[in-house]
Structures are given as structure tokens and as C-alpha cells.
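Trainee: I have a new structure open and would like to learn how each label is earned. Could we go through it together?
Mentor: Gladly! Let's set each value against its cut-off.

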Amino acid sequence: MASKLYLFSFILFVCTAYLQALNEIPGEENCETLPSEIHLIKEEYDELGRLQRTCNGEVAVNKCEGTCNSQVQPSVITPTGFLKECYCCRESYLRERVITLTHCYDPDGMRLTADSQKQMDIKLKEPAECKCYKCGDFSR
């Protein structure tokens with residue numbers, strides 16, 4: 001009986017060491033806030049639901065990108081036999097900005113030139129800071 005327990009402990013140790021080696025990410029976590037550019041389109045409708053104008057433009061915004069350390073290890077407690085600890089690079093703080101779209105068109109596709117119609121201000125939330133969080137944890 002003792003030899004079976006010893007063999008099981010040895011196998012568990014080897015599996016744990018192997019899985020840790022597979023899941024180690026070289027270096028440190030590098031979750032960061034990076035600049036990016038998106039094409040934004042916003043449509044404006046009247047109170048009856050009719051399209052009044054469409055505005056668009058290229059907008060510089062921040063995004064979260066990078067790697068976070070995660071691991072998988074054997075477990076006799078979990079139903080799958082493995083304990084997974086996954087971490088994802090996500091926003092830790094959002095800031096609100098006002099963006100001005102300067103290419104506006106009427107429903108027929110004609111460019112609007114009247115001062116009150118040729119541009120549109122919209123509010124946009126973007127990451128101001130990013131860091132690693134446990135995946136699926138939305139309780140922050």
C-alpha cells in the first residue's frame with residue numbers, strides 16, 4: 001500500500017512539474033495600454049426613426065494588450081482533475097472622451113456643409129490603465 005502511495009505521489013509530482021514548465025511564460029507580465037486607431041461610424045435619427053445623417057472618421061483610442069501569467073496544475077479536488085488559474089489583460093480604469101467626427105453625410109450620401117450638421121460630437125469610453133485580472137472576474 002505504501003509503495004502505491006509513493007508511486008502516486010511521484011507521478012503527481014512529475015505531472016505538476018511538467019505542467020508548470022509548459023505554462024510558465026518567459027519574463028514578466030506585460031499587460032499595457034497601447035494606442036490604436038479605429039474607424040467609427042455614428043448614425044443620427046429623428047424622433048420618428050428616420051435617418052438624418054451619418055458621420056464617420058478615424059479615431060485614435062487606447063486598447064489593452066499583452067500577456068498575463070496563467071497556470072494549470074493537477075488537482076484531486078476539481079471534477080476535471082486540473083486547477084486552472086487564468087489571467088487576462090483588461091482595463092482597470094476607463095476614461096470618457098468626447099470625439100468629433102468630421103465626415104458627415106445626409107441619407108442620400110451627400111456631404112453636409114452647414115456648420116450645425118458637418119460634424120458630430122460623441123462620447124467614448126476607452127482604457128486609461130490596464131492590468132492582469134482573473135479571467136471571467138467582472139466583480140471589480
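Trainee: Why is glutamate 126 called buried?
Mentor: Keep in mind that this is a predicted model. Glutamate 126 has a relative accessibility of 2%, and buried means under 20%. Because 2% falls under that cut-off, glutamate 126 counts as buried.

Trainee: Where is glutamate 126, and which residues does it touch?
Mentor: Glutamate 126 sits in strand E7. Leaving out residues up to four places away in sequence, it touches Ala60, Val61, Asn62, Tyr93, Leu94, Arg95 and Arg97. Arginine 97 is 29 residues away from glutamate 126 in sequence, with 7.7 Å between their C-alpha atoms.

Trainee: What makes the pairing of glutamate 126 with arginine 95 a polar contact?
Mentor: The cut-off for a suitable pair of N or O atoms is within 3.5 Å. The side chains of glutamate 126 and arginine 95 meet at 2.7 Å, so this pair qualifies. The side chain of arginine 97 also makes a polar contact with that of glutamate 126, at 2.9 Å.

Trainee: Now the cysteines. How many disulfides are there in the whole structure?
Mentor: A search finds 5. If you count the bonded cysteines along the chain, the pattern is 1-6, 2-7, 3-8, 4-9, 5-10.

Trainee: What makes cysteine 31 and cysteine 89 a disulfide?
Mentor: Their sulfur atoms are 2.2 Å apart, and the cut-off is within 2.5 Å. The value meets the cut-off, therefore the pair is called a disulfide. This link is right-handed, with 80° about the S-S bond. It joins distant parts of the chain: cysteine 31 lies in the loop between helix H1 and strand E1, and cysteine 89 in strand E5, 58 residues apart.

Trainee: Which way does the link of cysteine 64 and cysteine 130 turn, left-handed or right-handed?
Mentor: With -80° about the S-S bond, that one is left-handed. Its sulfur atoms are 2.0 Å apart. Cysteine 64 belongs to strand E2 and cysteine 130 to strand E7, with their positions 66 residues apart. Cysteine 130 counts as buried because its relative accessibility is 13%, and the cut-off is under 20%.

Trainee: Why is cysteine 86 not bonded to cysteine 135?
Mentor: Cysteine 135 holds the closest cysteine sulfur to that of cysteine 86, yet the distance is 5.1 Å. A disulfide needs sulfur atoms within 2.5 Å, so 5.1 Å is too far for a bond.

Trainee: And why is cysteine 86 called partly exposed?
Mentor: Its relative accessibility is 34%. Partly exposed lies between the 20% limit for buried and the 50% limit for exposed, so cysteine 86 gets that label.

Trainee: Which residues make up the largest nonpolar core?
Mentor: There are 11 residues in all, among them Leu40, Cys55, Val59, Ile99, Cys104 and Ile122. Strands E2, E5 and E7 each give two or more residues to this core. A second, separate core has 5 residues, including Cys31, Cys89, Cys130 and Cys132.

Trainee: How does Cys55 link up with Cys104?
Mentor: A disulfide joins cysteine 55 to cysteine 104, with 2.0 Å from S to S. Cysteine 55 is in strand E2 and cysteine 104 in strand E6, 49 residues apart. Both of these cysteines are buried.

Trainee: What does isoleucine 122 touch?
Mentor: Apart from residues up to four places away in sequence, isoleucine 122 touches Leu40, Lys42, Arg97, Val98, Ile99 and Leu101.

Methods:
Residues are numbered from 1 along each chain as its sequence is written. This is a predicted model: local features need pLDDT of at least 70, side-chain atom pairs count only at pLDDT 80 or more; totals for chains, interfaces and linings use all residues. Side-chain values use heavy atoms; hydrogens and water are left out. A nonpolar core is a set of buried Ala, Val, Leu, Ile, Met, Phe, Trp, Tyr and Cys residues joined through side-chain atoms within 4.5 Å. Buried means under 20% relative accessible area, exposed over 50%, partly exposed in between (1.4 Å probe, protein chains only). Helices (H or I, at least four residues) and strands (E, at least two) are DSSP runs, numbered from the N terminus. Contact means heavy atoms within 4.5 Å. A polar contact is a pair of N or O atoms within 3.5 Å; within protein, one must be able to donate a hydrogen and the other to accept it, and residues adjacent in sequence count only if both atoms are side-chain atoms.
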